[in-house]
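This report describes one protein chain in plain terms. Please look over the sequence and the model before reading on.

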Amino acid sequence: MFYKALLNINIHHGYFLDSGENKFLPIQNNDDILTDDEKEKALIQYTIDDYLKIVPSKATRDICKNHRMLLRPHKEGFRLLIETLEDQTKYTPLIPLDSDATLTFELQTKDVYFNNYTKLTDSSTNRLYLFSNVVPEDQAPVFENVFKNNGGTINNRFLLKAKASRDLIRTIAAEEDNLQISTTGQFSISNIIRLIEEDDTLTENQKENQVKKVLNDLIQEKKKRGVIGYIRFTIQGDDTNHLIEFDDSDPDNIVQYTLEVTPDFTLSFINKKTFWRYISLSDDVTLTTNNKKWSAKHGFIEVKTEDFDAEDIEPADTDLEDYAFPNPTVTSVKKEGDDYYSEIFI
């Protein structure tokens, strides 16, 4: 018997892996890129534990327990292993998996300043990110199966619409409630929704609005806990994007094998760009860069006098040579309109 890898997930973040303006992962064509040696060094000190928690759902833990699967976290993410039997040159799961079995992992931020250095959609919206090998129904054509481009940068290609986000939360809740170990009592989400939908005193429109509110409230509750989305893999995904090879040459005896090449995905958070606003309280001077600059934990980004527009300098007779321009921390980022400003007191 052997434990074979079923899938591997790496999650990277530019804020922790960049060095100043030198990018670990290029975002724009004119970005300066780290060398391969610099990337290796950046990964040595990198760990997702600095900012992210990955939590398997109760239903997923139950599937793992019942099918001899192991979840193994590592510093860049996690891998999932399954116990197999050797069949000549292939490996078949010791306990076969249902083709529609789905593995769900909640992504939960641990750092209170995460949104200050991460480019994501506004957390106040009722939308969640989903990384999956099954594209939900009614999603725009731009929504991507995670197999495409080996995962990729975390952007709106993986952002669910509001309705799809509610459908996802409802589906995950139903999976939990199907287990005896979950809260299947009167306060479970599935039961609350069932009571609403069976209430004959409500019109169909009222039922729909109440269910919508319950699910939106749940999404906001999760977001307050730092939940930004889910990794969700179905054993038999869209097209041929499966986690298991199915040999159906004998319809009466369909055999499963682990894939010859383990699915290996790297998802990358983009660090946020902000305007840098320097404030000198001693002489009432405010200086704001004319372009946005990257947030980066490592390295140094030099700010020069030409980074400021002369007409925006307050007061106008300010001599920029009188000031030093340190890089900002992530603790003071303000949103004004559609823009973000990192404030640095000098």
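The text below goes from the whole chain to one helix and then to one strand.

This is a predicted model, in which local features need pLDDT of at least 70 and side-chain atom pairs count only at pLDDT 80 or more, while totals for chains, interfaces and linings use all residues. Residues are numbered from 1 along each chain as its sequence is written, and side-chain values use heavy atoms, with hydrogens and water left out.

**The whole chain**

The protein chain has seven helices and 19 strands. Helices (H or I, at least four residues) and strands (E, at least two) are DSSP runs, numbered from the N terminus. Along the principal axes, the C-alpha atoms fill a box of roughly 85 × 60 × 35 Å. The chain holds 346 residues, and 46% of them count as buried, where buried means under 20% relative accessible area with a 1.4 Å probe, protein chains only. Take the contacts (heavy atoms within 4.5 Å) between residues at least 6 apart in sequence: 68% of these join residues at least 24 apart.

**Helix H5**

Helix H5 covers residues 162-177. The expected span of a helix is 1.5 Å times one less than its number of residues. For the 16 residues of H5 this gives 22 Å, which agrees with the 23 Å between its end C-alpha atoms. Its buried residues include Ala-164, Leu-168, Ile-169 and Ile-172, and also the charged-type residues Arg-166, Glu-176 and Asp-177. The buried residues of H5 pack against several elements, among them helix H3 (58-66), helix H7 (204-224) and strand E11 (227-234).

**Strand E15**

How many of the eight residues of strand E15 are buried? Seven are, so the strand (residues 273-280) is largely enclosed by the rest of the structure. E15 pairs with the strands in the table; two strands pair if DSSP finds at least two bridges between them.

| Partner of E15 | Bridges | Sense |
|---|---|---|
| E16 (residues 285-288) | four bridges | antiparallel |
| E17 (residues 293-294) | two bridges | antiparallel |
| E19 (residues 339-345) | five bridges | parallel |

Single residue pairs show where these strands meet. Lys-273 has Trp-294 in E17 as its bridge partner, Tyr-278 stands opposite Ile-344 in E19, and Ser-280 stands opposite Val-285 in E16. E15 and E16 form a hairpin, with four residues between them. In that turn, Asp-284 has a positive phi of about 55°.

Definitions and conventions
Buried means under 20% relative accessible area, exposed over 50%, partly exposed in between (1.4 Å probe, protein chains only).
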